Amino acid sequence: MSSHRLAVTDWIEFEDELHQVAGLGGLTVRLRSETGRLQTIMLAVLLSDDSFRAAIEPPPRTLEKAGAGLDPAGVLEGLDESAKKAALELEGHLLEAVTGYRSGDPLTAEPGEPRAAYDPALSQRARICSKAKELGVSDRWLWKLWARRTEQGLWGLVDKRKARIRNPLRNLDPRVIQAIRDQAAAERADSTATIGSRFFRRTQNRLNAEHGGSVPLPGRDTFRRVVAHLLDTSPAAPAYQRASAANQPDRPFGNVLATRPGEVVMLDTTPLDVLAFDPGSGGTISVELTVALDVATRSLLAWRLTPLGTKAIDIGLLLADTMTPELMRPGWDDALRYQMLRTPAERLISVDERLAEAAARPVIYPETLLYDHGKPYKSDVVERACARWKIDLQDARKLQLTDKPQVERLFLTLRQQYSEHVAGYKGFNVAHRGRTVEDQARWSIDELAEFFAEYVIAVYQRKHHRGLTLQGFPDLHVSPNEAYAMALGSAGYVDCPREANMYFELLPIAGRVIHPYGVELNYLTYNADILYQYRKAKSPYPDQLWPIRYDPRNLLHAYFLDPADGRWHVLRWTHALAEHQPFTDITLREAKRLIALRERTPQDQEEVAKALTELQNRTDAPETWTRTDRKRHTRDQHRAAAQSRDIDRGDAPVDDHPPLAVVPAPSEQAQESGGWGEIDLNSIEAAQVFDPDAP
């Protein structure tokens, strides 16, 4: 039994006549014959009929009728003035012949109307005969014009020779049109192609494969015009333009609507169009910007500027930032304080005392997070944080920017209002980048973050937004702060969590056994005095492992929650020295790679410490710095500083470790022993002498 696929506008053969499928409704199908006759038939009866044939080529004369379904009034509006004037003049003659007045209404009669030959007292036939003699035509022709005007209106009186509907594809084979569209769809993400050579050849090959070489392409000039008419994005356009056009949905899937603050909060990350200056190396480093945008008020709730490569811990702490007030900076004007939001500030400060020293930025408890498919957003850290605070997660579809239009438009606003005016602006692609951008960069990542915070508080949150209107006044635009103040009146204020240990709850977890020498994490051993009372003790947790928290931005320390008193304790790497700078998980992976090159194992703590020291010494020597070393050094410094700021926002953990020992320099040791002259020369080992004859 053969299978058939029917779709609207398909042509079939039924009862020795061609029909077009006009509609499908459950068990019935509606057919329109080639002559225009409509019929509805059961689908089962149609498929079982012996005369049924599917996949029939459209009849040739359908091309001649192309445009027959267009709106006549729309075609009439597009005519030139001479054709319109001729049709109106002819209509006036017809109205005068039928009614006696050129306007058709006695109340709007022109001077001298009605004329004697068109007196309404005369019969209509007599007036028609008089008009036929005046125009030099037959009575029958005037009656046909009047019938056409009655049926089609003014469109029936237009000279169709001057109103031909333009169809540049009228004489083109439909199979050629389909082949061009299919080939363009196949090359939507391919390298740049030219219409005159490769695209032409591949389209002809497609036609030969599908129709056996019986369908030739038109000439190259005609082919170029047809391609330009059919495709909105040329096959010769850059690949990113064709890929972007291919990812656009064929129809809108609805807008993301929010009526109260926090109902929908969008998260996204984008490269910042500004190069940051690295004061340690004198070079530059790329920066990423991660933001949280409230859809209802368009408020920028939180932001994080990090070196290129945002991590899951940054996203998790960004959620904490949305529920934490932004503190005022020294030197900021009092107009930027939270009290200037035009909200009942005194009442809110009594609920959340943190708002007393906060800046004018909304503090919102998110209900739903809308994010893309980036790896940091799909991590356990983000899911655990959302589960902790009862926040729903909703991911957008891949490569569909229309699912997050508000935050995508925000990035354009930030580029125009902030990035373009900062020294080191590099443009949004290489084609817009200057040759001396690296020389113009002068601000570090921390300085850029401070400038960005001032821009958000002083400009963005106070600037009227075209997408925000006052309810009942669609022409009156408001700012994000004003929209937030209005929303509080209708939706109320939701108090945000204020856990002191919020930072530790967002850190990744690793289940470990507490050994006599400490705990092992990433081939590093951590220890503290608090662990001695839990050595060889059974864990009360279901997996019988002790949860150890760590921050990938600074692996010098790990953190342990004491179940006895609920306090957090700092675990230090047992081989940490004063000369070890804070290092990230990326730097640790590089150290492990160096160990593997020496044919050693990462379990050897001495080798790890030695490799890490050598790596940090290389990055600390300006004369040997490479671009990779500079990036690693700047990244570790910035993320360690960010980790220190995040941990200071809550209660400080217990750190009972002694200060790291500092190895004195040889000159200091010599001075303590009485100077270089008191050194025992007999203790100095003689240098080996090179013997060329030695084996």
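Helices here are DSSP runs of H or I with at least four residues, and strands are E runs of at least two, each numbered from the N terminus. The model is predicted.

**Whole chain**

By that assignment the chain holds 21 helices and 19 strands. Of its 695 residues, 41% are buried. The accessible surface is about 39000 Å², and carbon and sulfur atoms account for 52% of that area. Among contacts with a separation of 6 or more, 62% involve residues 24 or more positions apart.

**A charged patch**

Helix H5 spans residues 139-152 and includes Lys-144. Together with Arg-140, Arg-148 and Lys-160, Lys-144 forms a positive surface patch. Lys-144 has a relative accessibility of 48% and therefore counts as partly exposed, since that class lies between the 20% limit for buried and the 50% limit for exposed.

**A buried histidine**

Strand E19 covers residues 568-573 and contains His-569. Because its relative accessible area is 8%, His-569 is classed as buried. Leaving out residues up to four places away in sequence, His-569 touches Ile-530, Ala-558, Tyr-559, Phe-560, Asp-562 and Val-654.

**Backbone exceptions**

Most residues other than glycine have a negative phi, and most peptide bonds are trans. Three sites in this model are worth listing against that background. The peptide bond between Glu-113 and Pro-114 is cis, with omega at about -5°. Pro-114 lies in the loop that runs between helix H3 (81-99) and helix H4 (124-135).

The other sites concern phi. Arg-298 is not a glycine, yet its phi is positive, at about 60°. Lys-390, also not a glycine, has a positive phi of about 60°. The table gives the location and accessibility of each residue.

| Residue | Phi | Loop between | Relative accessibility |
|---|---|---|---|
| Arg-298 | about 60° | strand E8 (287-294) and strand E9 (300-307) | 16%, buried |
| Lys-390 | about 60° | helix H12 (380-388) and strand E11 (392-395) | 67%, exposed |

How do Arg-298 and Lys-390 fall into the classes buried or exposed? Arg-298 is buried because its relative accessible area is 16%, and the cut-off for buried is under 20%. Lys-390 is exposed because its relative accessibility is 67%, where exposed means over 50%. Arg-298 sits in a loop between two strands, E8 and E9, whereas the loop holding Lys-390 connects helix H12 with strand E11.

Technical notes:
Residues numbered from 1 in each chain as written. Predicted model: local features only at pLDDT ≥ 70, side-chain atom pairs only at ≥ 80, totals over all residues. Heavy atoms only, no water. Patch = residues over 30% accessible without salt bridge, like charges linked within 9 Å, V, L, I, M, F, W, Y side chains within 5 Å. Areas by Shrake-Rupley, 256 points an atom, 1.4 Å probe, with all protein chains shown as cover. Salt bridge = Lys/Arg side-chain N within 4 Å of Asp/Glu carboxyl O. Lys, Arg positive; Asp, Glu negative; His and termini not counted. Charge placed at Lys NZ, Arg CZ, Asp CG, Glu CD. Buried < 20%, exposed > 50% of the residue type's maximum accessible area, 1.4 Å probe, protein only. Contact = heavy atoms within 4.5 Å.
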